[in-house]
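This report is a short guide for someone meeting the structure for the first time. Please keep the sequence and the 3D view at hand while reading.

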Amino acid sequence: MARGLCKFKKSTLTFAAVWFFSVVAIAGQKPAPKPTNDDCLACHGDSSLSHEVNGKTISLYVNPDKFKESMHGSMFQCVDCHADLKTSPHETTPAKVQCSTCHADQQAAYDRSFHAKAIKSGDTHAATCIDCHGSPHELLAAGDPKSKVNHANIPATCGVCHGQKFVMEASGHSAQPFLSYQESVHGKAVAAGSEKAAVCTDCHGTHEILAAGDPKSTIFKFNVPLTCAKCHGQVQQTFAQSIHGQAVARGNWQAPVCTDCHGIHSIKSHVDPNSSVSTQNLARMTCARCHEGVRLSKEFDMPDGRVSTYLESYHGLASELGSKVVANCASCHGVHNILPSNDPRSTISQANLVKTCGQCHPGVTDKFVSAKVHVDAPLSADTGSIAVRWIRKFYIGMIVVVIGGMILHNLIIWRRKALLRRKVEQHVVTRMSKHQRVQHVLLLSSFFVLVITGFALKFPDSWFAWLLGMGEHVRGIVHRVAGSVLVGVGIYHVFYLILNRQGRRLMKDFMPVPKDAADVLRTLTYYLGIGKEKPEFARFNYAEKAEYWALVWGLIVMASTGIMLWAKVFFGNLMPRWWLDVATSIHFYEAVLATLAIVVWHFYQVFLDPDVYPMNWAWWDGKMSFEHYREEHGLDAATLLEAAQQHAKSEPSEPSAECACEEGKKLESPDEEPVNSGR
């Protein structure tokens, strides 16, 4: 018993001694050292190092030189960020590093930003830390010229996303703001090396970029003046005291801020012709948005029509003609210091008008500045305005009576002289049959109705629209009826050419022949005084043939495109929608071409040709004088012979008949036969 107890004690003491010395040995050992940067780069410095994540090959390469030059590489060890790595090489994939570990405030600001909210909503294109700052292994301080967030590089960094159309449209936005910024005064200044010109972050902020509709956003409407004041402090102080600045301070959404006048991303210098605040654009484009319509007059009892009354004045008219020195809105009212006229500080206060007007008109007095600048300002009760209104009424009435009387007087005389001259022409040729004249009248009447009603739609402020005096519904009906008449006349004319004997002859005479090409050159050389021989023509000369076939072509084009636009739903479902846009374009430009051709080409032959003045009556009664027809169409022997025979029958005296017969024999002479057969 005693021996066993002694043996147990001895074993216990041995175990305790072994345990004690083991603990001491373990405690005396140093912990294994963490991997150094060189240890990590021994593997990650290999450019071919990569692994796959969800089927995509991800590079694990870290450029040793760029890492050592970066902020992180120059200050920290790899394991300071990758804190879960204990050995090199490591067997497990390290956890993703969170920037918030060191940059908690910046991360919190980013989490409130538009970008972070977009990512949470599923937008994979929204920017993260790496997108803006670059790889953490190559990250540089903002003051480094090579840094992606250096002032000069900010536009290019933002442009990686905001300048790419496919990226922005995938997120429901547009790339145009970035493109506009590049052409702005700010963008061009940065590109030229300016370190003071505004870049994206100066206006939108850095990490906490918020949507424009967020009251906390730097680009929220009421925050815009303070945002611009970062660079334009003095201007902002002046603006804050103006009528606009005071309205903005009261929370008036109708009041303009900097971007309402200057633009947002497309801000340009005021001397740039494309700027919204340039001399030529200020009134019509910028100030007119608020001060021309009735929005302000209904909401704040302010007078409307300020721009139109300015444009009707001498200043406005000179500006429209391109004057760069004439006064515009800002010349009189100020720029950022605009105040109401009852404010003693206002440039248009009665006490300051002499000084204001004197900038352009040295030596002016109170009498000069008492005149109205805005012409026909509503409800003006001053003596000058009343006098101008009565003078206008008097002269408008006088113009109508005097000029109308002159037109009526001359029209009466012209009509009588034209008829008397027509009666003198006893020996005539039938140029157009009654059948042909009816077609011609229907054609020209429907054509002119189409021109007026068509251009009235394209130019609603033109005299075409005023002349109609009808709404769009009625205009559309009239236009389609006239189009139907025109198409109907065209279809009827085709059957006329086929079935009617005169129509078949008309078609034959309108067919082009090789002689027509030579006639063009001979006609031009003769009337230029180069050629001595005047060319002769058959029933229709080259100009009349060209006009006829141009009419055929134009009728086909206008009818086909017009029917497409009339039945736009049917054709829009039958073919791609852009075909209707093509048809609209063709319809408009063909109409312009046809109208100008009628005015320039056809009207010359009917009215302006000295040989037919005051008018070629053939369209009215189908007749032309024998002498004129023989002069213009001497090769049309058949028509001239028929006219000579009819004239001979109508003359009672025998000598006249013999003369007519001789005229006919002359036209039938063998010398004329080859020419006639080639007609």
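Is F459 buried, partly exposed or exposed? The model is a predicted one, and in it F459 has a relative accessibility of 40%, which lies between the 20% and 50% limits, so F459 counts as partly exposed.

## Aromatic pairs

F459 forms a ring pair with F455, the two ring centres lying 6.2 Å apart and the ring planes standing at 35 degrees, so that this pair is classed as tilted. The partner ring sits in another setting: F455 has a relative accessible area of 11% and is therefore buried, whereas F459, at 40%, is partly exposed.

In total, the count of aromatic pairs comes to 19. Ring pairs also join F447, F448, F603 and F607 into a cluster.

## The nonpolar core

F455 also belongs to the largest nonpolar core, a set of nine residues made up of F447, V451, F455, A456, F464, A465, M558, F588 and A591. Helices α26 (434-458), α27 (463-468) and α33 (578-608) each contribute at least two residues to this core, and the largest share, four residues, is supplied by α26. As a general tendency, nonpolar side chains in soluble globular proteins are buried together.

F447 links two of these descriptions, being a member of the core and also part of the aromatic cluster with F448, F603 and F607. When its neighbours within four places in sequence are left aside, F447 is in contact with A594, T595 and I598.

## A nonpolar patch on the surface

Elsewhere, nonpolar residues lie on the surface: I391, F394, Y395, I396, M398, I399, V400, V401, V402, I403, M406 and I407 make a nonpolar surface patch of about 1,200 Å². One of these residues, I407, lies in helix α25, which covers residues 383-424. The relative accessibility of I407 is 55%, and because this is over the 50% limit, I407 counts as exposed.

## The surroundings of A118

A118 is found in helix α7, which covers residues 114-120, and with a relative accessibility of 13% A118 counts as buried. Not counting residues up to four places away in sequence, A118 touches D123 and A126. A further relation concerns S171, which is 53 residues from A118 in sequence, while the C-alpha atoms of the two residues are 8.8 Å apart in space.

Methods. Residues are numbered from 1 along each chain as its sequence is written. This is a predicted model: local features need pLDDT of at least 70, side-chain atom pairs count only at pLDDT 80 or more; totals for chains, interfaces and linings use all residues. Side-chain values use heavy atoms; hydrogens and water are left out. Patches are made of residues with over 30% relative accessible area and no salt bridge: like charges are joined within 9 Å, nonpolar side chains (Val, Leu, Ile, Met, Phe, Trp, Tyr) within 5 Å. Accessible areas come from the Shrake-Rupley method with a 1.4 Å probe; for residues, only the protein chains shown count as cover. A salt bridge is a side-chain nitrogen of Lys or Arg within 4 Å of a carboxyl oxygen of Asp or Glu. Buried means under 20% relative accessible area, exposed over 50%, partly exposed in between (1.4 Å probe, protein chains only). Contact means heavy atoms within 4.5 Å. A nonpolar core is a set of buried Ala, Val, Leu, Ile, Met, Phe, Trp, Tyr and Cys residues joined through side-chain atoms within 4.5 Å. Rings of Phe, Tyr and Trp (its six-membered ring) pair if their centres lie within 6.5 Å; planes under 30 degrees apart count as stacked, over 60 as edge-to-face and the rest as tilted.
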